[in-house]
Amino acid sequence: MAEESSTGGVIGKYSPIWAPIFVVFIVAAFFLKVNLEPKITPDFFFSSDSEIFQKNQTIRDVFPAQQQILLNVTTAGSIADPNFIEKIGSITNRVKAIEGVTDVQSITSGPDDLEAARENPLWRRLLIGEEEKSSFVIAFVDTEEFAPLVRQVEKIADEEKNRWFDIRISGLPYIVEQIRRNLTRDMKNFTSGAILLSALVLFAIFRSIRVVVGALVACASAAMLTLTIQSLMGISIGILTANLGIIVFVLTLSHVIFLTSNWQNEEGENTAQRRWGTIAHTLPASGWAALTTLLGFFSLVFVEAKPLNQLGVGGTIGALSALMCAYLIFPAFLHEGVKDKDTSPKVIKKARSFKRAPVVISLVTFAAAIGLGVPGFTALDTDPSLLSYFKEDSELHEGIFYVDENGGSNPLLVVVRSENLEKLDESEAYDRMWRLQTAFSEHPSVGSVISLPVIMAEGDEHWLGSLLPWNVLLDILSKPEYGAVAKSFVTEDRTQALFMLRMKENGRNRDRLPIVADIEEIPLKYGFEVTATGGTYYLQGELAESVARSMTVGVVTLIIMFGIIGFVVSGSFMVCLGVVICALCVSAIVLGTLGVFGIPVDIISSPAINICLGLIVDDMIHLTVTAKRHLKEMGGSMRQAGVWQKALSTQARPAMVSTLAIMIGFSVFALSDFPPSQRFGLEIAYGAVLAVVMALVVFPYIVQFGYKRKKEG
């Protein structure tokens, strides 16, 4: 027991007096440094030093463009009705007065009148909906502060709509703000609910208010410490790190439950000695478990996708914070009143009477992993529609859906130049661009297209414009007095032109990047080549590909690392094999279920699989370390049944309690109105159940498989 004595000697220096000091320091730093308001902007996809971000930024620098908020106004009558036109004029004027709005285009602001909008190709595409049942008011936004702007737009829409006119809002700034609001609301409501339910479970199991308070203090301190360090590093709360607090809370809770359970089984002359012994027995397994969790998050640090990168940094900090707070804070709350009269849970005793249960459960698990994993993994939707972020029966979903159906909702930017490098202000190039404009418009994924030919067509509508050469007309439309509108679509040297495509999200059954690849091939048929592609549609496609990579290469790499750690901890190849097989089965069943049932894997819910893997590895390592300790007492092989029975008698209970607390806590997210939060919580609850079954039944069975027959033979 030299290892334990050494560990105990170090931990023996622990003093409960440091716990309140540490907590006060963390709380003070948290309230001084952390802003809990999620910050989500349209360019949150990639870090500024990534090649993908720089490629997109180059387009924005060359072709100055602004974000747009779209208000679609529908009428049961005709858009030519004077009352409807008056309503559009009122909305237009009110939106123009909002701070951050630089320009507004509508049938009363831009074209001379409705007839001019009908006849002009530009205005018709921009302002008039399908079958002339609606009209658009387009606000151009030059601000990153979307929250106050969206609030004012919503207020105008609420006040202007009535039983004759309905108003729907869309546009990326509006969608981003809705995601931010949902994340903020869920952070406040459902995170609190998850913590409360977890606390009730702990009290029901351990019957100690002091333990429950200690667990909450330690877990909350770890979450606050993580967010504080992250804030000091200049990383604000983002689309993924909004859930980082509850993730760290869960990581800490696992350490706390194993500490409490081992305290119940620890013997000692006094409280201090029992405390030191408990820490000495639990810390090695917790340390290895924390290492596996840290590796899981650290693997995300080097990906280009900014949300995943930030989660990787925050999760790495969180894994260390969880271990630190669990062992520096929680032991001070352990006391003699926490007793366990039956150290061998009844469930373990009953399980021994069902000798074939592990065989049956293992076979069912392997069959489920293959049956769900093989077809499901290939069907995973890691690039879901923007509409999947909102409930189908919600007003928000209906509004975005309607706008998407009437001209698309997600911008894709395509920059082209002539293959012979000729200037694009000549008639021949202009004609080819018109044909390219038409070809883009005919693609089934494209809702509408705005480009240089459309801008030129607007100028050509004027009697004087029809008499001017195209290069002269382009010069005129580039002047400030005409809004320099042409500069947003053609470079100064007139060799490159921008096509702004509004892509459809509804009904998309392919990933975005293959669609983008199809669109990039179209210009070749008309003598053009694509020099750059960007916009939110493209960035979301790249982000989805990063998520897919992290769920394939990342998960496989982690499982291999977990297997290596299992071998290092146990010195047994069968333990290593058991860790790998169980982690693979959990991944296959969870991801396979998502694929088979068509559940979207969005950027917010995607980290759930990492947490599920962390849960099963955590349980298996605690079980393995305890089994190895019993092996030193009993002698023999790591694969003998007695070693694992003894380990299960003390470690099964904390594993099941931890699973129950996590499952009940995260199930509360099912009540959220935000589908990504629902998926995030329910996937973790589902994975937690699988993890505990795999760790307590299948894992020991794999380790022991064939041992008796080999010995008898």
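Tutor: Start with a definition: two strands pair if DSSP finds at least two bridges between them. Keep in mind that this is a predicted model.

Student: In what order do the strands of the open sheet of four strands stand?

Tutor: Strands of a sheet pair through backbone hydrogen bonds, either parallel or antiparallel. In this open sheet the pairing is antiparallel. Its four strands have the order 6-7-5-8.

Student: Which strands stand at the edges of that sheet?

Tutor: Look for strands with a single partner strand. Such a strand has one side without a neighbour in the sheet, so it stands at an edge. The two are strand 6 (446–451) and strand 8 (528–534).

Student: How many degrees does the twist average from one strand to the next?

Tutor: Go through the sheet in the order 6-7-5-8. From one strand to the next, the twist averages 30 degrees.

Student: Which residue is the bridge partner of Leu413 in strand 8?

Tutor: Strand 5 covers residues 410–418. Strand 5 and strand 8 pair in the antiparallel sense over six bridges. In strand 8, the partner of Leu413 is Gly534.

Student: At what angle does helix 3 run to strand 8?

Tutor: Helix 3 spans residues 51–62. It lies across strand 5, strand 7 (496–503) and strand 8. Its angle to strand 8 is about 110 degrees.

Student: Why is strand 1 called largely enclosed by the rest of the structure?

Tutor: Buried means under 20% relative accessible area. Strand 1 holds nine residues, 67–75. It is largely enclosed because the number of its residues that are buried is eight.

Student: Which residue of strand 4 stands opposite Leu71?

Tutor: Strand 1 pairs in the antiparallel sense with strand 3 (residues 134–141) over eight bridges. There, Ile69 stands opposite Ala139. Strand 1 also pairs in the antiparallel sense with strand 4 (residues 165–170), over six bridges. In strand 4, the residue opposite Leu71 is Ile169.

Student: Where on helix 15 do its buried residues lie?

Tutor: Helix 15 (residues 395–405) has these buried residues: Leu396, His397, Gly399, Ile400, Val403 and Asp404. They cover an arc of only 165 degrees around the axis, so they lie on the same side of helix 15.

Student: Which helix is included in what covers those buried residues of helix 15?

Tutor: The cover includes strand 1, strand 3, strand 4 and strand 7. It also includes a helix, namely helix 8.

Student: What phi does Gly407 take, just after helix 15?

Tutor: Gly407 comes just after helix 15. Its phi is positive, about 120 degrees.

Student: Is Arg207 buried or exposed?

Tutor: Arg207 sits in the loop between helix 8 (172–206) and helix 9 (209–232). It has a positive phi of about 55 degrees, although it is not a glycine. Exposed means over 50% relative accessible area. At 63%, Arg207 therefore counts as exposed.

Student: And Arg494, buried or exposed?

Tutor: Arg494 lies in the loop between helix 18 (470–477) and strand 7. Arg494 is not a glycine, yet has a positive phi of about 65 degrees. Its relative accessibility is 13%, so Arg494 counts as buried.

Student: Which residues is Ser286 in contact with, leaving aside its neighbours within four places in sequence?

Tutor: Ser286 is found in helix 11 (residues 271–298). At 0% relative accessibility, Ser286 counts as buried. Beyond those sequence neighbours, its contacts are His255, Leu323, Tyr327 and His622.

Conventions: Residues are numbered from 1 along each chain as its sequence is written. This is a predicted model: local features need pLDDT of at least 70, side-chain atom pairs count only at pLDDT 80 or more; totals for chains, interfaces and linings use all residues. Side-chain values use heavy atoms; hydrogens and water are left out. Buried means under 20% relative accessible area, exposed over 50%, partly exposed in between (1.4 Å probe, protein chains only). Contact means heavy atoms within 4.5 Å. Axes are lines fitted to C-alpha atoms, for helices over the stretch in contact, and angles run from 0 to 180 degrees between N-to-C directions. The arc is that of the directions from the helix axis to the C-beta atoms.
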